[in-house]
Amino acid sequence: MTAPTSYLVLHGWQNRRPADHWQHRLADELEARGLVVRYPQLPDPDRPRLAEWQAVVRAELAALPDGPVTVVCHSLACLTWLQLQAGDAPPRADRVALVAPPSPELVAGQEAVREFAGGDTFDGRRLSLGARGRPGSAPADDAVLVAGDDDPWLPLGLVDTWESRVEAALHVVPRGGHLTPDSGYGAWPAVLAWALGSRFEAR
């Protein structure tokens, strides 16, 4: 019998896991189904340090039970995950969703989070999300980037910013903004459905 999937949910800059955020609701809904979910408060969310966030990610992954793992990142956590993929001993998961991945160029202009921009990490190669995929599933189901078409952190758009840099299926959400409660993404049935194994449907 295959072990149930466990989940690691990672928030972004200045996020203290408010109860109305879709990530918090996702964690609650998965836990209500009896699934194992890790949704840590990452250190110093206002002035984060990349190495500290990466260390927490590795520790949280190690704390999950044996079996399939799904990782869901939002905003700055997306860059954290990608920088781990670019480094030594990149972590692996069965499925990975990067939601509202910000422009590295824009992040580089923010002193508090500049180190997350990665310098030349995102230039000249296409990074894997580290998604192993599930038996019988299409790769496009298991490694996804999702962003609003009007995200202020993606002034050039998801495709122009990330298509050449990351190996994943790209999904653009009309009028999604930065995909936060402020842009209408408290409850988000589409991401719950994806987390439970469906294809992602941008809406």
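1. A residue is called buried here when its relative accessible area is under 20%, and exposed when that area is over 50%. The model is predicted, and the points below should be read with that in mind.

2. Strand β3 is the place to begin. On one side of β3, V69, V71 and C73 are buried, and on the other side T70, V72 and H74 are buried, so both faces are covered under the cut-off of 20%. With six of the six residues in 69-74 buried, β3 is largely enclosed by the rest of the structure.

3. The sheet that holds β3 is open and has six strands, in the order β2-β1-β3-β4-β6-β8, with parallel pairing. Its edge strands are β2 (37-38) and β8, each of which pairs on one side only.

4. Which strands pair with β3? Strand β1 (residues 6-10) is joined to β3 by five bridges and runs parallel to it; within this pair, S6 has V69 as its bridge partner. Strand β4 also pairs with β3 in the parallel sense, over five bridges, and here T70 of β3 is the bridge partner of R95. Between β3 and β4 the chain passes through helix α3 (residues 76-86), giving a right-handed β-α-β crossover.

5. Helix α3 is itself mostly covered, with ten of its eleven residues buried. Among them are L76, C78, W81, L82 and Q85.

6. Towards the β2 edge, β1 and β2 pair in the parallel sense over two bridges. L8 of β1 has R38 of β2 as its bridge partner. Helix α1 (residues 22-32) packs on the sheet and touches β1, β2, β3 and β4; its direction makes about 160 degrees with that of β3. Helix α2 (residues 50-63) lies across β1, β2 and β3, and runs at about 165 degrees to β1.

7. D142 belongs to helix α5 (residues 139-142). D142 counts as buried because its relative accessible area is 2%. Its side chain makes a polar contact of 2.7 Å with that of R95, the residue that is the bridge partner of T70. Leaving out residues up to four places away in sequence, D142 also touches D94, V96, A131, G133, R134, S137 and W194, among others.

8. L129 lies in the loop between β5 (127-128) and α5. Is L129 buried or exposed? It is buried, because its relative accessibility is 1%. Beyond its neighbours within four places in sequence, L129 is in contact with residues including W81, L82 and Q85, which are among the buried residues of α3. Its contacts also include V96 and L98, as well as A143, V144, L145, V166, E167 and A168. From L129 to D160, the C-alpha atoms are 18 Å apart in space and the residues are 31 apart in sequence.

9. Two backbone angles deserve a check. Most residues other than glycine have a negative phi. A100, which is not a glycine, has a positive phi near 55 degrees, and R175 likewise has a positive phi of about 55 degrees without being a glycine.

10. Where are these two residues placed? A100 is in the loop between β4 (95-99) and α4 (104-107), while R175 is in the loop between β8 (169-173) and α7 (189-195). A100 counts as buried because its relative accessibility is 0%. R175 counts as exposed because its relative accessibility is 65%.

Terms used. Residues numbered from 1 in each chain as written. Predicted model: local features only at pLDDT ≥ 70, side-chain atom pairs only at ≥ 80, totals over all residues. Heavy atoms only, no water. Helix = DSSP H or I, 4+ residues; strand = E, 2+ residues; numbered from the N terminus. Buried < 20%, exposed > 50% of the residue type's maximum accessible area, 1.4 Å probe, protein only. Polar contact = N/O pair within 3.5 Å; in protein donor to acceptor, adjacent residues only side chain to side chain. Contact = heavy atoms within 4.5 Å. Pairing = 2+ DSSP bridges. Right-handed = clockwise from strand over helix to strand, strands pointing away. Axes fitted to C-alpha atoms, helices over the stretch in contact; angles between N-to-C directions.
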